[in-house]
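Notebook open, coffee poured. I want to go through this one piece by piece and jot down what I look up.

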Amino acid sequence: MPCRICGDPTDTVLDLGSMPAANRLKTSKQEEEPRYPLVLERCAGCFNLQLRDCVDENELYGHYLYLTPDSRALHAHNRLLVEHMFREGYASAGSFVLEIGSNVGRFLKHLQPHVRKVVGIDPAENVCRIARADGIETVCAFFAVDLAMQLEAAYGVPDVIVARHCCAHNKNPHRIIAGIKALLPENGIFIMENAYAPNTLLNNEFDQIYHEHMFYYAIRPVVKLLEMHDMRLVDIAMAPIHGGSVVFFAAHATARSRVRESVRVHMNEEQAVLGDELLGRFVESVRAIRRDIRALVADLLGQGKTVWSYGATAKGSTLLNYIGLTDEHIRFCADSTPIKHGRFIPMANIEILPEEEAWKASPDYFLLTAWNYKDEIIPKVRAMGNARTKFIVPIPSVSVQ
Ligand code: TMP
Ligand code: ZN
């Protein structure tokens, strides 16, 4: 498939096989689960990493079970981002901030006390309802030029437009950027946040690859994407959230905004690491993780030990299904999200139970499929009186703690 950013040819980096939609938790083991190829490819021109095959968006987001968790790490990240926006003058008390893909509105909730107006947009009706109940005005729709015009008529022109992770969750980011280009005022700022592909590769986070993640962004392809819409990068901030994220700040190419030193610094850093060697090492490491977890779990089960997973994440679906672990190996999965309880991880067919039950059941091992919250989850489990269960941390390489 040609690059969906610049149109140049691509080559295959990693084929994870045929997989169900990672967030489509099932209500029973028997429920049907359509599977789709999961293949990562790389553009030779702009170094865009993308999925070869994109699943229909209504199929993925119609009833969406991913609710931004109430996590300390996420709150801290949101706070830092808001501080950066104010410190650099991208937002002020008079700003109207529009967020595309706002989910349950956690980021806007942080911003709301500091600015004039916040409005969210999200395609999943169930998610929008939760956001509205929490006091965040949210429009249920996919964002594109036509919607941008309707939003302008209904709410006015936003000073800041934020798109966090949604340019990776959509097979045509050009549609989103074109809508932003049309809606953003001359001196407005567009903030785009994504998992940072070089970190994903360096940390061996192959489990970030699932159908919702159609793009894995580095700076290079984003510069290209923005250029194609007459926009340019003015600032970059790196953040530890989601295993290493990048926040891009962009403006119209014609705007007077100053280009911060951060752009040059991070582009140089990226230039030094992003290349074929990194891709080769990534693929090797992914195979090693699969081999190591398979061997470890087989050994533990052979000794009569019990293993649960912890965190019914989309990442967990990819990890378990690529490795080939099922309810035959993993007894249950613990998770804090009530709507996930009683459901099953697709393909692996593992039932999800509340965290409290997992602490009490005290299995011998937890395979930590929410490894990104390791520093929150392990201390919490210990504080709840479970000193016994060991954690298998799969990423960046397999360790037991
Ligand atoms: P995410 O990595 O996609 O944000 O998902 C995190 C999942 O982990 C989510 O389903 C909630 C779950 N979780 C817990 O079960 N316990 C916790 O303490 C935290 C922070 C998350
Ligand atoms: Zn490209």
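In which loop is the place of Pro396? I looked it up: Pro396 sits in the loop between strand E16 (390–393) and E17. Before going on, I note that this is a predicted model.

**Entry 1: odd backbone spots**

I stopped at Pro396 for its peptide bond: the one from Ile395 to Pro396 is cis, with omega near 10°. Most peptide bonds are trans, and most residues other than glycine have a negative phi. So I also looked for positive phi values outside glycine, and I noted Phe47 with phi near 60° and Asn103 with phi near 50°.

I find Asn103 in the loop between strand E4 (96–100) and helix H3 (106–111). Is Asn103 buried or exposed? Its relative accessibility is 8%, so I put it down as buried, the cut-off being under 20%.

Phe47 belongs to the loop between E2 and E3. Its relative accessibility is 5%, so Phe47 goes down as buried too.

**Entry 2: around E2**

Phe47 led me to its hairpin: E2 and E3 are the strands, with five residues between them. I checked the pairing, and E2 and strand E3 (residues 49–51) run antiparallel over three bridges. Across that pair, Arg42 is opposite Leu49 in E3.

Which strand pairs with E2 over eight bridges? I get strand E1 (residues 10–20), and the sense is antiparallel. One bridge I wrote down from this pair joins Thr10 to Cys43 in E2.

How many residues of strand E2 (residues 35–43) are buried? I have seven of the nine, so E2 is largely enclosed by the rest of the structure.

**Entry 3: the six-strand sheet**

Next I traced an open sheet of six strands, and I read its order as E14-E13-E12-E15-E16-E17, with mixed pairing. Why is one side of E14 and of E17 left without a neighbour in the sheet? Strand E14 (352–354) and strand E17 (399–400) stand at the edges and each has a single partner strand, which leaves one side of each without a neighbour.

Further in, I looked at strand E12 (residues 307–310) and strand E15 (residues 365–368), which run parallel and are joined by four bridges. Tyr310 stands opposite Leu368 in E15.

**Entry 4: cysteines**

How many disulfides does the count come to? I get zero. While there I checked two of the cysteines for burial. Cys46 has 4% relative accessibility, so it counts as buried. Cys333 has a relative accessible area of 0%, so I list Cys333 as buried as well.

**Entry 5: ligand 1**

Last stop, the ligand. I have 15 residues around ligand 1, and the nearest are Lys315, Asp335, Lys340, Glu355 and Lys380. By type, I sort the shell into five nonpolar, four polar and six charged residues. Which helix gives the largest share of that shell? I find helix H13 (residues 374–383), with three residues.

Then I went through some polar contacts. An N or O atom in the side chain of Lys340 is 2.7 Å from an oxygen atom of ligand 1. For Ser336 the contact is through the backbone, where a polar atom lies 2.8 Å from an oxygen atom of ligand 1. On the nitrogen side, I found a polar side-chain atom of Glu355 at 2.8 Å from a nitrogen atom of ligand 1. I closed with the area: ligand 1 taken alone exposes 490 Å², and the protein buries 95% of that.

Notes:
Residues are numbered from 1 along each chain as its sequence is written. Chains are lettered from A and ligands numbered from 1 in the order in which they are written. This is a predicted model: local features need pLDDT of at least 70, side-chain atom pairs count only at pLDDT 80 or more; totals for chains, interfaces and linings use all residues. Side-chain values use heavy atoms; hydrogens and water are left out. A residue is near a molecule or strand if one of its heavy atoms lies within 4 Å of it. A polar contact is a pair of N or O atoms within 3.5 Å; within protein, one must be able to donate a hydrogen and the other to accept it, and residues adjacent in sequence count only if both atoms are side-chain atoms. Accessible areas come from the Shrake-Rupley method with a 1.4 Å probe; for residues, only the protein chains shown count as cover. Helices (H or I, at least four residues) and strands (E, at least two) are DSSP runs, numbered from the N terminus. Ala, Val, Leu, Ile, Met, Phe, Trp, Tyr, Cys and Pro count as nonpolar, Asp, Glu, Lys and Arg as charged, and the others, Gly among them, as polar. A disulfide is a pair of cysteine sulfur atoms within 2.5 Å. Buried means under 20% relative accessible area, exposed over 50%, partly exposed in between (1.4 Å probe, protein chains only). Two strands pair if DSSP finds at least two bridges between them.
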